[in-house]
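Visitor: I've got a structure to look over and would like someone to walk me through it. Can we start with one of the loops?

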Amino acid sequence: MRHHGEISYLMATEISSEVQKQKIPWALVVITAIVAAFMAQVAITFFSRAQYIWGIQGGALGFAFLSYGLLVLTFPIARILRRRISPITLTYIFTVGTMVSYAIGHGWPEQYPVLMAEFRVYDTENVLTGWWQVPLNLSKQLIAGNVVVDWAAWAPSIFFWTMQFIVFYFLSSAIAIIFRHQWMDIEKIPFPLTMVGYEIVKVVSTEESVKRDLRPFLLGILLGLAFEVPVFLQGVFPWFPDIYGFRTNTCCSGTWCMPADNPITSSIVGLSMMIKNPLYFAIFYLSPLSVSFNVWFWSLVMMILEQVA
């Protein structure tokens with residue numbers, strides 16, 4: 001089982017001489033960050049479902065799409081150019097993708113200022129008040145559309161939500177710094193999301209002369225397309241069949257929110273939703289057996305106790 005930090009540690013130990021000679025590819029880092037951030041914002045603008053944005057996906061799973069998407073894109077580029085991309089360079093690309101993904105966030109098309117403005121239109125109890133909220137008349141104009149943006153009125157809301165993310169960034173970074181040594185060096189806590197990136201790096205950085213079985217890698221891509229393409233097409237074209245039932249009671253992360261009159265919901269206490277996004281199952285396969293066992297076992301125990309109560 002690979003552990004958190006191995007995506008950089010193992011590559012550094014395997015090619016220590018290369019680490020000493022190679023400088024930081026600033027041009028690659030800067031250009032990749034700018035292009036990825038721009039294209040990601042374009043994706044957020046044109047796709048209405050958060051499942052197709054290039055930032056953080058899967059809700060609580062925290063799957064940073066660009067971390068892995070950029071690595072996968074380097075695979076055909078390396079094959080076309082017939083050049084080997086070093087693991088160090090791929091690690092920089094992975095890091096850039098991670099930072100850009102979290103800067104973009106979950107990628108709701110409206111983003112927080114506009115999203116909260118939309119919520120205020122339907123706030124019949126007048127709960128959403130405060131200096132950081134957009135005036136109600138502007139919120140209604142936003143719904144109607146085709147109006148000139150009053151930046152002065154929007155500034156407090158934009159400032160508030162921007163500062164919230166900045167403060168959260170420093171808080172989470174401080175916590176990560178405090179626990180990094182304990183988690184990575186002492187306990188060596190497994191980190192499945194990093195393991196995925198490390199496996200992609202191994203495939204992409206391999207010399208063409210080295211025989212490696214790429215069938216699992218390619219099969220995974222095909223399975224992902226088999227799921228995502230029909231979901232995407234049903235969201236874009238009304239005439240396309242809804243194969244996986246995403247048009248009914250399904251949130252953007254792929255969670256089926258069961259209606260109250262559903263036979264399963266009405267008969268099992270506490271069961272109100274079910275995930276049908278295969279991404280969650282794929283990540284859990286990389287978790288240690290002790291962790292996955294604890295998750296499903298105690299979840300089952302809690303569900304049984306809820307039925308008894």
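Guide: Sure, let's begin with Asn-249, which sits in the loop between α10 and β3 (255–257). Keep in mind that this is a predicted model.

Visitor: What is phi of Asn-249 near?
Guide: Asn-249 is a residue other than glycine, yet its phi is positive. Its relative accessibility is 37%, so Asn-249 counts as partly exposed. As for the angle, phi of Asn-249 is near 50°.

Visitor: Is Gln-234 buried or exposed?
Guide: Gln-234 belongs to helix α10 (residues 215–236). Leaving aside residues up to four places away in sequence, Gln-234 touches Phe-240, Pro-241, Asp-242, Phe-246 and Arg-247. The cut-off for burial is under 20% relative accessible area. Gln-234 has 6%, so the word for Gln-234 is buried.

Visitor: How far apart are the end C-alpha atoms of helix α9 (residues 192–204), and what span should I expect?
Guide: Helix α9 has 13 residues, counted at 1.5 Å a residue. That should give a span of 18 Å, which agrees with the distance in the model: the end C-alpha atoms are 19 Å apart.

Visitor: How many residues of α9 are buried?
Guide: Among the buried ones are Pro-192, Leu-193, Thr-194 and Met-195, and further along Ile-200, Val-201, Val-203 and Val-204. Gly-197 and Tyr-198 are buried as well. That leaves α9 mostly covered, with the buried count at 10 of its 13 residues.

Visitor: Which residue forms a salt bridge with Glu-199?
Guide: Glu-199 is partly exposed, with a relative accessible area of 35%, and its partner is partly exposed too, at 23%. The two are three residues apart in helix α9, so about one helical turn separates them. Their side chains meet at 3.3 Å, N to O, and the partner is Lys-202.

Visitor: How many salt bridges does the structure hold, and which residue does Arg-180 pair with?
Guide: The structure holds two salt bridges. In the one with Arg-180, the closest N and O atoms are 2.8 Å apart. Arg-180 counts as partly exposed at 37% relative accessibility, and its partner counts as partly exposed at 38%. That partner is Asp-185.

Visitor: Which elements give two or more residues to the largest nonpolar core?
Guide: That core has 25 residues. Those with the most contacts inside it are Leu-66, Tyr-68, Leu-71, Leu-90, Val-100 and Ile-200. The elements giving two or more residues to this core are α3 (26–46), α4 (65–81), α5 (87–104), α9 and α12 (278–284).

Visitor: How many residues are in the second core?
Guide: The second core is separate from the one we just went through. It includes Val-134, Leu-138, Ala-153 and Trp-154, and its size is five residues.

Visitor: Which helix gives the most to the nonpolar surface patch?
Guide: The patch covers about 860 Å² and is made by Met-99, Trp-131, Phe-159, Met-163, Ile-166, Val-167, Tyr-169 and Phe-170. Met-99 comes from helix α5. The top contributor gives six residues, and that is helix α8 (residues 151–186).

Visitor: Last one: what is the relative accessibility of Met-99?
Guide: Residues need over 30% relative accessible area to join a patch. Met-99 is one of the residues making this patch. Met-99 counts as partly exposed because its relative accessibility is 48%.

Technical notes: Residues numbered from 1 in each chain as written. Predicted model: local features only at pLDDT ≥ 70, side-chain atom pairs only at ≥ 80, totals over all residues. Heavy atoms only, no water. Helix = DSSP H or I, 4+ residues; strand = E, 2+ residues; numbered from the N terminus. Expected span 1.5 Å × (residues − 1). Buried < 20%, exposed > 50% of the residue type's maximum accessible area, 1.4 Å probe, protein only. Core = buried A, V, L, I, M, F, W, Y, C linked by side-chain atoms within 4.5 Å. Patch = residues over 30% accessible without salt bridge, like charges linked within 9 Å, V, L, I, M, F, W, Y side chains within 5 Å. Areas by Shrake-Rupley, 256 points an atom, 1.4 Å probe, with all protein chains shown as cover. Salt bridge = Lys/Arg side-chain N within 4 Å of Asp/Glu carboxyl O. Contact = heavy atoms within 4.5 Å.
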